[in-house]
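Got your viewer open? Load the model, keep the selection panel handy, and let's take a walk through it.

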Amino acid sequence: MATRKSTARLTSFERERFGRVLQTAKREGIWDTFVELHARATASTSPLEGSVINRAHFGPSFLPWHRAFLAMVEKKLEEISGDDKFFIPYWDWTLDPNGTSVFTPELVGGNGDSSDGWIVKDGLFRDWRIVKYDFTLKKMVVDVPLQRNFGSQGFIPDAYEISRVMFGANNYDNFPFNFFAKGSFRNDIEIKLHNPIHRWIGGPMTNPMLAPNDPVFFLHHANIDRLWAKWQHVHPQASYNVPSKLPSGLPMPDGQKPDDQLMGLSLTAQQAYDMKGDYDSADNLSLITGVSLTGFSNSQSKQGYRRIPIKNTMPIPDSSKYMVPGMTYNNCLFLKGEDHQLANYEIGILPITQESIPTEVVFPCNFNDKHQNKANSISASSTFIFVSNSF
Ligand SMILES: [Cu+2]
């Protein structure tokens, strides 16, 4: 497998090659088989402790399934290209939050046309018709043109949100191994980083049954996979910790256990866990490996972020009252909408601009509409994280 590069660092040849190969795959019907495979895995749901997971989402196999899927698709596209240097690029949202290196005419095209049903009118894929699985006919059928509606739902995660996931859970997954799991890297990255971008793009990307119809799916998932690989790198003690039975005695659904075959793919979940992707080295993996999670060096303070657990107690009536001398608060960030039900406590990150750190601080935020209007008293903890501008 060739090394995957950021969309921001592609050569013009690599950009042209990507579009050309995808055009061929679509013309020959191969692209539609990718969509079908993803749809079938998504449709195979299993009840689990009162919720539903499927072979590809909302359960432990989410990351391995998509890693193996990405590798399979990339291999197929490489064969079409006849070029063993072919790779699927990734969209690094911290490097390029507006997608200026992604949504270009020669790569995946831009936003949909607001005056015409959000149909994508530029780029190489403007003539693509999406396909969907018809469960009555039991086959794929051709549907509407490709659509996108940037920003109507969801959001692009910023460095805070990414760091919150990357430095959050130390376990790969956790009971109950679905979308209620807490302390689960898998669930955090799925729900807090992966889902919002699907929704932000709009069109087929908002629907798991249809999402791979939009080529940007693969650029998005390559970045998810890259972040997972990084997390694995800094959590060598973590493992694919998925038991065959739940504490209740219910069996773990098929496709989730370490030795289960990932649906429609040639690897087991464990094999995919162990197969870390090959990503270009230019994006500061070393900064993450150098992170100290328990200490904080003053020399790093200008770039440091302090992570403070927030006790879910006291509302702040007037934000101006609570500025703590010696610290400057540039912004305040809170978990948003969907996260609230998932979190026992919330985490805020404050840029540190002074070296002295008070033991007790109260969030002095002016809340904006991007974040839930929630306010809390917070206590300092000894946990710090170092945030580079490119995770
Ligand atoms: Cu998916």
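Start by selecting α5: this helix is mostly covered, with 15 of its 17 residues buried. Keep in mind that you're looking at a predicted model.

Stay on α5, residues 185–201, and check its length. At 1.5 Å a residue, its 17 residues should span 24 Å, and the C-alpha atoms at its two ends sit 23 Å apart, so the two figures agree.

Now click on His 194. Here α5 bends by about 35°, and a proline, Pro 196, follows within four residues. Then step just past the end of α5 to Gly 202, where phi is positive, at about 80°.

Next stop: a helix pair. Select α3 (residues 62–81) together with α6 (residues 216–234). How do their axes cross? They come within 10 Å of each other, and the crossing angle is roughly 125°. That angle is why α3 counts as oblique to α6. The crossing of these two helices is left-handed.

Show side chains at the contact. On the α3 side, pick Leu 63, His 66, Arg 67, Leu 70 and Val 73. On the α6 side, add Phe 218, His 221, Ala 222, Ile 224, Asp 225 and Trp 228.

Finally, zoom out and switch to cartoon for the whole chain. You'll find eight helices and 11 strands. Color by burial, and 40% of the 391 residues count as buried. Got a contact map to hand? Among contacts with a separation of 6 or more, 70% join residues 24 or more positions apart.

Notes. Residues numbered from 1 in each chain as written. Expected span 1.5 Å × (residues − 1). Bend = angle between axes of the 7 residues up to and from the residue. Buried ≥ 20, exposed ≤ 12 C-beta atoms within 10 Å, placed from the backbone. Contact = placed C-beta atoms within 7 Å. Axes fitted to C-alpha atoms, helices over the stretch in contact; angles between N-to-C directions. Parallel < 35°, antiparallel > 145°, perpendicular 65-115°, else oblique. Left-handed = near helix turned anticlockwise from the far one by under 90°.
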